[in-house]
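Reader: I'd like a close look at one sheet of this protein and whatever packs against it. Please walk me through the pairing, and give me the cut-offs behind each term as you go.

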Amino acid sequence: MNIQHNIQLQPYNSFRTKAVARLFCEPQTAEELSEIVKAYPGEKKLILGAGFNLFFTEDYDGLIIRPAMGGINILSETDSEVLLEAGAAEDWDTFVAYAVSKGFAGLENLSLIPGSVGASPVQNIGAYGTEAKDTVIRVNAVDIRTGERIIFTSEECGFSYRDSIFKRTCRYVITSVIFRLSKSFNYKEKYIDLSRELEGVPSPTLSQVREAIIRIRTRKLPDYTVLPNAGSFFKNPLLSKEEKEMLQHKLVDLPVYNAGDNMFKTSAAFLIEKAGYKGIRRGMVGTYEHHSLIIVNYGTDNGKEIADFMKEVQNGIYQQFGVMLEPEVWIF
Ligand code: EPU
């Protein structure tokens, strides 16, 4: 059991904000993680993946757990399907690249999403009409309160848009994730941007889909090593029919997607842009010039500046359009 003291978290979050963790550990196995949890029963704990979806506004007076379980294994396969297990610390896109190279379909639309495998069910990561929940069939985890090892079925994960039981409770440290992937692939149109990018390609292969997504994302999203950021900063808002109609009076070209149950999703990026916040900058923080949903850090190490900018954008949009944007990013 290796516990470190007073660790600077700046390298461990993609916004590169400074904060010191009083205690910090990187367990290599589920057993080691269980032991640590049992050894520190009264300690406040925070699970940190690759740090692409959070930032710190103050020091962390507790124990940061950064799972370090690696490995990709084929658990079983038939002629049509394969069950793949990946350790929580595996880099997400390396895992997607591996699946695509083997001809295993289901993850290709999630290419180039930054982060770790362990974070994929927490956020139920999604892009281009696909979400993690479409292929995750089991999650292995450790209960942060008891050290007990727990297996979650897909239903027990309670997945919804950028949400899961892991995110709602912050109680389970994911150690590995099991995905069911298909050995055959037929491209289906799900997302207009992707179909446009694949125009002229008659029946795209898995690799062609992955490459197309990499091209779109590279064009639209800033490189966090150059401009630190955490991807989409806000969730796309869900609106009732009445809220949607009121908003359409103000914004006739509002993009609206049916979200079922008489609810509608609209584009946070569109609202931010219409409210005049695209590409603006306050001090060292701003919205990205090519995509308004991304908040970028131009050079501060103080998370409070990012949080203040977030509030300005939220309030401005609320005043103009009556919609309160909810952050997708976690703030500590
Ligand atoms: N748009 C604007 N202005 C902009 C950018 C976009 O008005 O500056 C509008 C356009 O109407 C565009 C629409 O927003 O058609 C949607 O844009 P985009 O396809 O980029 O999708 P998004 O809603 O901004 C979501 C995810 C992304 C994911 C993309 C692609 C959320 C919060 N974000 O973004 O996920 O990559 O779809 O599927 O759901 C992330 O979660 O970190 C992330 C990057």
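Author: Happy to! Let's start with one pair of residues: Arg138 stands opposite Ile178 in strand 12. The strands here are DSSP runs of E with at least two residues, while helices are runs of H or I with at least four, and both are numbered from the N terminus. Antiparallel pairing links strand 10 (residues 136-143) to strand 12 (residues 172-182) over 7 bridges; two strands count as paired if DSSP finds at least two bridges between them.

Before going further, a word on the model: it is predicted, so local features need pLDDT of at least 70 and side-chain atom pairs count only at pLDDT 80 or more, while totals for chains, interfaces and linings use all residues. Residues are numbered from 1 along each chain as its sequence is written, and side-chain values use heavy atoms, leaving out hydrogens and water.

Now the sheet as a whole. It is an open one of 5 strands, ordered 6-7-12-10-11, with antiparallel pairing. At its edges are strand 6 (72-77) and strand 11, each of which pairs on one side only. From one strand to the next the twist averages 20°. Helix 1 (residues 30-39) packs on this sheet and touches strand 10, strand 11 and strand 12. The direction of helix 1 makes about 40° with that of strand 10; axes are lines fitted to C-alpha atoms, for helices over the stretch in contact (heavy atoms within 4.5 Å), and angles run from 0 to 180 degrees between N-to-C directions.

Next, what follows the edge strand. The loop between strand 11 (149-153) and helix 4 (165-169) holds Arg162. Its relative accessible area is 13%, so Arg162 is buried (under 20%; exposed is over 50%, partly exposed lies in between, with a 1.4 Å probe and protein chains only). The side chain of Arg162 has a polar atom 3.0 Å from the backbone oxygen of Gly126, and makes a polar contact with the side chain of Glu328 at 3.2 Å. A polar contact is a pair of N or O atoms within 3.5 Å; within protein, one must be able to donate a hydrogen and the other to accept it, and residues adjacent in sequence count only if both atoms are side-chain atoms. Beyond its neighbours within four places in sequence, Arg162 is in contact with residues including Gln123, Asn124, Glu131 and Lys235.

For comparison, there is an open sheet of 4 strands in the order 13-19-18-17, also with antiparallel pairing. Strand 13 (229-232) and strand 17 (281-282) are its edge strands, each pairing on one side only. A hairpin of 2 residues joins strand 18 to strand 19, and these strands pair over 4 bridges. Among the facing residues, Gly286 is opposite Val296 in strand 19. Helix 9 (residues 303-321) lies across strand 17, strand 18 and strand 19 (291-297), at about 55° to strand 18. Strand 19 is largely enclosed by the rest of the structure, because 7 of its 7 residues are buried.

To place all this in context, the protein has 9 helices and 20 strands, and 52% of its 332 residues count as buried.
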